[in-house]
Amino acid sequence: MKNFNDWYLKEELKKRGLNPDNQSFLDDPRYNKIKNTQFIAGNLGAMTYDYYIRRNWFKNDNSKLKKGRFDIGAIRDEKPISLAQLIEEISQEAIKNEEKEEAAYNTENIRRKLIGNTSGIRHKLKSKLGFDLNSYSNNQEFEKLKLLKLLYSIEKRQKGRINITSLLSYLSLENVDKGIIGEPSKYGEIITELLSEIRLELEESFHRTALDTIVTIAESWNEKLLKVAKISRMPHYKDIRICELKRIKQYMVNLKNRLPEPQMVSESNVMQAFYLRVMQLRQLCRTEDINRVSGYILNSTQTKELLNSKQQFNPELMNQVIFDLELFMQLEAQQVTELVYQKDNVTVSEISNVVEWVRHIPKLLESFNKQVHTKGVQHLSYLFLVSCLQEIMLSETLKKGDDEYEFKNNHYGSDRKGRVLLSNLKKLTKNFSVEEALELIWIVKIERRMHANQGLLEEYLLIQEIGTIANEFIEIIAKLPDIETMFCWNEFLLSQIIVAEKAPILNYAGIFDNIIREKTGYSCDLRSMRMFQYFDINSVANELTSIFLKEVSKHIQLSKSRYTRNKQIMTIKLQDENFFVVYTFDKNLRRLIIHNFIPEIADDEIELRKKAGLEEFTKDNEIVDLMNRI
């Protein structure tokens, strides 16, 4: 594969009149135009031309490629290092390059830019990105100075058009480089260049580990949210589905309010830590825009009106797949129009409107599958077609000042002006460049309408609220300072969100309560639902209830005791796993109260949680806390 990569890049250089055998091309302006282009280098994954070339072609001459002591790739020599020397180096390079503005080589100006009290890069790293260079040991001073110079140089190359720390702090899809799939983004290439430069300082294994960690975390939350979304389709009464979703949402809110400040498990190299932080921020760009867009649509007047309306799609037509849209509309234009307008008698003008709007459908379907690909492929169904057309019709009726008429996309460097949603749909259909957040808005609008047409809008809104809280958890995880801490927090938070595969957890609880009540006369007050995520419904109805039936029977036999409450901790073993249960009895109310159900955690996992700031959620602390509160 390496031979192919080498051949491919040499051909790309030759096309631009560059000699790949002479490393002087690295300073050629023609090379600068393509150096941040990304490509897939086989098993090595995505990387820029510049990273591959500097890493593989001139690996042994890397120090010769650098002109300064504090450049990326430079190796520390025996001479002393200091901030003053970095400032002098930057100043001399500006003079050598014949910079016309005094600010470029004035040492005091450079000092302010690097370490100024409020405007300096070092201060903004901490205030805007939560990245404190002073928290890293003095023996990493050389790496810290190189990082400062890199950030300074990137700003300088942009000729004052950007502030790199401010750009990184504005989480938006406009910061994500999508050039590799042929889509534009305003600032993605700058972030790509920054990551590519830092990556040269790292072992390739660290990049892979960091990338795998971030991808794994995102995928694990997608899987959890897909399970939550399935609740709306479970064959149970609507009230049960709604209660189950409200239970999950409320538990996540309570958990979020209890979370402590994370602690770093282990100190990492400053370059590794900053590389990880930039990768984390790049991942958060999507979750931030999704939260912003979802909030904009789901809190709108139109959503409230839809929630109160009783319109519902004919279930016989719902999943009918359309294979030839043009032919379908020729045959079914009137019926489609009646469904869109929700009336039996439609006018010629209304049919004409719908036929005109259909031109947007192929692009909306393409965008829908791109944005929600984790949920499976969306075919062109009758439901999808009508829902899209209804959203287009809605946009046609809106005027300036109405909700959902326009959206202000608040990314770095934006003009803060509203973008009319209907105008952007027309641009999207014509394959013009549209900010991705505006494309996302249409996807959320269509999803909302599809659920409304199925009578599932209330469930959908709760699922979206749960997704928003999940994204807030992801944001907490993705700002943690090292990979080990990220994994620890991710596993912990995922384990707390209890979602059953085949039935609402409340059904499990109902079965458990009914069996205990029928056989003992005691009702159940279940203050923890965690016990039901570890077993299927048959295990709950048999092994689990058998254990508690014995405990209730023992309590009844001892009921002559003058005490009405009895704190107890029980260890049980089911399906080769150990669990700890904290429970009490209320004899007066004839009630079994289960306060918590905690799986046994290995000692090394407990220690890791303690180091990561999650000590209060370890077994011993949870039990002690509960016993003190009961």
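## A viewer tour, starting at the β6–β7 pair

Select β6 and strand β7 (residues 577-586): 7 bridges join the two, and they run antiparallel. Keep in mind as you click around that this is a predicted model. For a register check, pick Gln568, which stands opposite Tyr583 in β7.

Now show the loop between β6 and β7, where you will find Gln575. Its backbone is worth a look: Gln575 is not a glycine, yet its phi is positive, about 50°. Gln575 counts as partly exposed because its relative accessibility is 44%, and partly exposed covers the range between 20% and 50%.

**The whole sheet**

Next, add the other strands. You get an open sheet of 4 strands in the order β5-β8-β7-β6, with mixed pairing. The edges are β5 (523-526) and β6 (568-574); each has a single partner strand, so one side of each has no neighbour in the sheet. From one strand to the next, the twist averages 35°.

Step across from β7 to β8 and you meet another antiparallel pair, this one joined by 8 bridges. Val581 is a handy marker, standing opposite Phe597 in β8. β7 and β8 make a hairpin with 4 residues between them, and in that turn Arg590 has a positive phi of about 50°.

One more step takes you from β8 to β5. Here the pairing is parallel, over 4 bridges, and Asp525 stands opposite Ile593 in β8. Colour β8 by accessibility while you are there: 8 of its 9 residues are buried, so "mostly covered" is a fair label, given that buried means under 20% relative accessible area.

**Helices on the sheet**

Back to the pair you started with: 7 bridges join β6 to β7. Bring up helix α23 (residues 505-520), which packs on the sheet and touches β5 and β8 (591-599); the direction of α23 makes about 145° with that of β5. Then add helix α24 (residues 537-557), which also packs on the sheet, touching β6, β7 and β8, with its direction at about 150° to that of β6.

**Salt bridges**

Time to switch on the charged side chains. The structure holds 43 salt bridges. Go to Arg241 and Glu459, whose closest N and O atoms are 2.8 Å apart. Arg241 sits in helix α11 (residues 238-258) and Glu459 in helix α21 (residues 457-477), so this pair ties together parts that are 218 residues apart in sequence. Which is it for these two, buried or exposed? Arg241 is buried, and so is Glu459.

For another pair, zoom to Lys610 and Glu607, where the side chains meet in a salt bridge at 3.8 Å, N to O. Both residues lie in helix α25 (residues 603-611), 3 residues apart, which is about one turn of the helix. Lys610 is partly exposed at 33% relative accessible area, and Glu607 is partly exposed too, at 41%.

Then select Glu391, Glu404, Lys445, Arg448 and Arg449 together: salt bridges that share partners join them into one network. Stay on Glu404, which belongs to the loop between α18 (382-397) and β3 (406-408). Glu404 is not a glycine but has a positive phi of about 70°, and it is buried, with a relative accessible area of 2%.

Asp402 and Lys399 make a salt bridge as well, at 4.0 Å from N to O. Asp402 is partly exposed at 27%, while Lys399 counts as exposed at 55%.

**Last stops**

Select Ser367 in helix α17 (residues 361-371). Ser367 is buried, with a relative accessible area of 3%. Show what is around it, skipping neighbours within four places in sequence, and you find contacts with Leu428, Glu439 and Ile443.

Move on to Arg112, in helix α5 (residues 107-115). Arg112 is partly exposed, at 43% relative accessibility. Leaving out residues up to four places away in sequence, Arg112 touches Ser119 and Gly120. Try a C-alpha to C-alpha distance from Arg112 to Arg122: they are 9.9 Å apart in space and 10 residues apart in sequence.

Finish on the surface with Ile40, Ile180 and Ile181, a nonpolar patch with about 290 Å² of accessible area together. Ile180 lies in the loop between α8 (164-169) and α9 (188-199). Ile180 is partly exposed, with a relative accessible area of 36%; patch members need over 30%.

Methods: Residues numbered from 1 in each chain as written. Predicted model: local features only at pLDDT ≥ 70, side-chain atom pairs only at ≥ 80, totals over all residues. Heavy atoms only, no water. Patch = residues over 30% accessible without salt bridge, like charges linked within 9 Å, V, L, I, M, F, W, Y side chains within 5 Å. Areas by Shrake-Rupley, 256 points an atom, 1.4 Å probe, with all protein chains shown as cover. Buried < 20%, exposed > 50% of the residue type's maximum accessible area, 1.4 Å probe, protein only. Pairing = 2+ DSSP bridges. Axes fitted to C-alpha atoms, helices over the stretch in contact; angles between N-to-C directions. Contact = heavy atoms within 4.5 Å.
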